[in-house]
Amino acid sequence: MKTKILSTSEYDIALAGEILKNGGLVAFPTETVYGLGADALNEDAVKKIYIAKGRPSDNPLIVHVAEKEDIAPLVKEITPAAKALIDAFFPAPLTIILPKSDKIGNTVSGGLNTVAVRMPQNETARALIKAAGTPIAAPSANTSGLPSPTRAKHVIDDMKGKIDAVINGEDCNFGIESTVITLAAEVPTILRPGAVTKEMLEAVIGRVEVAAAVLEGMKNNETAASPGMKYKHYAPKARVMLVNASREKYESFVNTKKDAFALCFEEDHITIPKITFGKECDDLSQAKEIFDALRRLDDMGAKKVYARMPHKNGVGMAVYNRLIRAAAFCIIDLEQPFTIGLTGQTGAGKGYIGKYLEALGFQILDTDAYARKVCEKNSPYLAVLAAEFGNDIIENGNLNRQLLADRAFCSAEKTEKLNSILHPAILALCRKDAVFPCVLDAPLLFECRGNEMSYKTIAVTAPKEIRKKRIMERDGITAAQAENRMNAQKSDAFYQNHSDFTVINDGRDIKTQINTILEEIL
Ligand code: TXA
Ligand code: MG
């Protein structure tokens, strides 16, 4: 098929209207992203949209109208909340979902009994809908799964040869798709955040919820309120990782990376190849540029991309929602310095797992070694201990361990005091040395709250008999001594309840268990 490239002249818009009337497909600019339009009341025409985009047939389309009066025939009823939103916002980058009327076919609604309606702001879009003389079903005019098009060039890249015409209009003003809110739920719920924010909606209709999938992604067993949520979205060819960090931390992290690109804000000082998407404190500028930036990364052949995390307030929530999907939910959290917190019962095999992770390239931060550092000669923490437990526990800069033990372990309260000094000190030293990806290897991970500073936690447990044998061999002690030590430890259930993942070291292959966990974590 030859795709006509049309202008925004009156003549060309009339021509595009004719194409739509006759069941053809026309891509057109809106204030959000380019849409791929077909006559919403013509099932055969609508089917062509799904084919051109490669879109799953259960993912419904938004029906676009030129005037507010054109909404009523498409829905069962304009509820008071719907009327309030229409009056307050339309025309707007806002889509409202309501129970559908008989006019709406199953292809448009993806088999649902609701319909999504929107009245765009963009003059060309409204002139086109008027010229067609029918409501226009239009998803974003990209190939399914790719970033949405915010420039005519993006549409031509994706759709040339597959549709009848593209209107070569201006770049999209907002740059991300409309806010989608359903009024067909018990409480009005945002299914997709956009330029019309939760706060703006709440100012008009009161309480509005945000669907969990907006920020977190769908769990495997969840059904989607909006079918679009469950599909892979906005993904460039490059592997994108979202980095949660202050500007300074992001810069020093990214600037050491080889063969990678930064997807960052204009203000960031980046020395590796980069593409920017707006300014740090200007979420509208980020929205406008994010999809174009993702496409440019592909044009430049980027394979690995470290993206700066936008804040999640206002329109920032919408930018975050698109980026987190582009990154397939992969977050590198530099505010949580430890990638993995590793713990487990004595003799269960924590050391073995640490060695395996180290061989895979993880830095291992051994809290036992750091505990010795905290107490070594001239350590600044000795003064803190002395202030609590008496100056005589320090002799010539050295810690008298026996004296400290005598004073600290005489009561639960004193022991608690000791831990409240040692644990934060150990974590602070580990944190200073931590380099992504790293493992905080800590027998008392939960007690020292190292889990709170770890992105994910892994605990290893093993059956009692196996552990006993290992401890006796490792430390050359008797069965009774080994049992004593084991009795002081927490139960299997404790570790299972407190950690994100549990590895069971009972003869099953440990490496396979770890590999499966790593796939999920990274
Ligand atoms: O800004 C926009 O909304 C753009 C421009 C062209 O108007 N259009 C757009 O359409 O983004 P599309 O198809 O790419 O995204 C529509 C989203 C999908 O996630 C779809 O699942 C959801 O809206 N949706 C449509 N109808 C729905 C319905 N009845 N119930 C729940 N979700 C619906
Ligand atoms: Mg889309």
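Two strands count as paired if DSSP finds at least two bridges between them. With that in hand, here are some close-ups of this predicted model.

**View 1. Strand β10 and its partner β11.** Strand β10 (residues 189-192) runs parallel to β11 (residues 209-210), and 2 bridges join them. One of the pairings to look for is isoleucine 190 in β10 with valine 210 in β11. Between these strands the chain passes through α6, giving a right-handed β-α-β crossover.

**View 2. The hairpin of β9 and β10.** Here the strands are antiparallel, with 3 bridges between β9 and β10. Valine 180 has arginine 192 of β10 as its bridge partner. The hairpin leaves 6 residues between β9 and β10.

**View 3. The buried side of helix α3.** Within α3 (residues 80-89), look for the buried residues Ala82, Leu85, Ile86 and Phe89. They lie on the same side of α3, because the arc they cover around the axis is only 100 degrees. Among the elements covering them are β5 (94-99), β9 (179-182) and α6 (198-205).

**View 4. The largest nonpolar core.** This core holds 46 residues, and Leu36, Phe90, Leu94, Ile96, Ile181 and Leu201 have the most contacts inside it. Elements that give it two or more residues include β3 (35-39), β6 (114-118) and α5 (152-159). Helix α2 contributes the most, with 5 residues. In soluble globular proteins, nonpolar side chains tend to be buried together.

**View 5. Around isoleucine 96.** Leaving aside residues up to four places away in sequence, isoleucine 96 touches Ala82, Leu85, Ile86, Phe90, Val115, Ala116, Val117, Ile181 and Leu183.

**View 6. A second core.** Separate from the largest one, this core has 31 residues, including Cys375, Ala408, Ile426 and Ala459.

Technical notes:
Residues numbered from 1 in each chain as written. Chains lettered and ligands numbered in written order. Predicted model: local features only at pLDDT ≥ 70, side-chain atom pairs only at ≥ 80, totals over all residues. Heavy atoms only, no water. Buried < 20%, exposed > 50% of the residue type's maximum accessible area, 1.4 Å probe, protein only. Helix = DSSP H or I, 4+ residues; strand = E, 2+ residues; numbered from the N terminus. Arc of directions from axis to C-beta. Contact = heavy atoms within 4.5 Å. Core = buried A, V, L, I, M, F, W, Y, C linked by side-chain atoms within 4.5 Å. Right-handed = clockwise from strand over helix to strand, strands pointing away.
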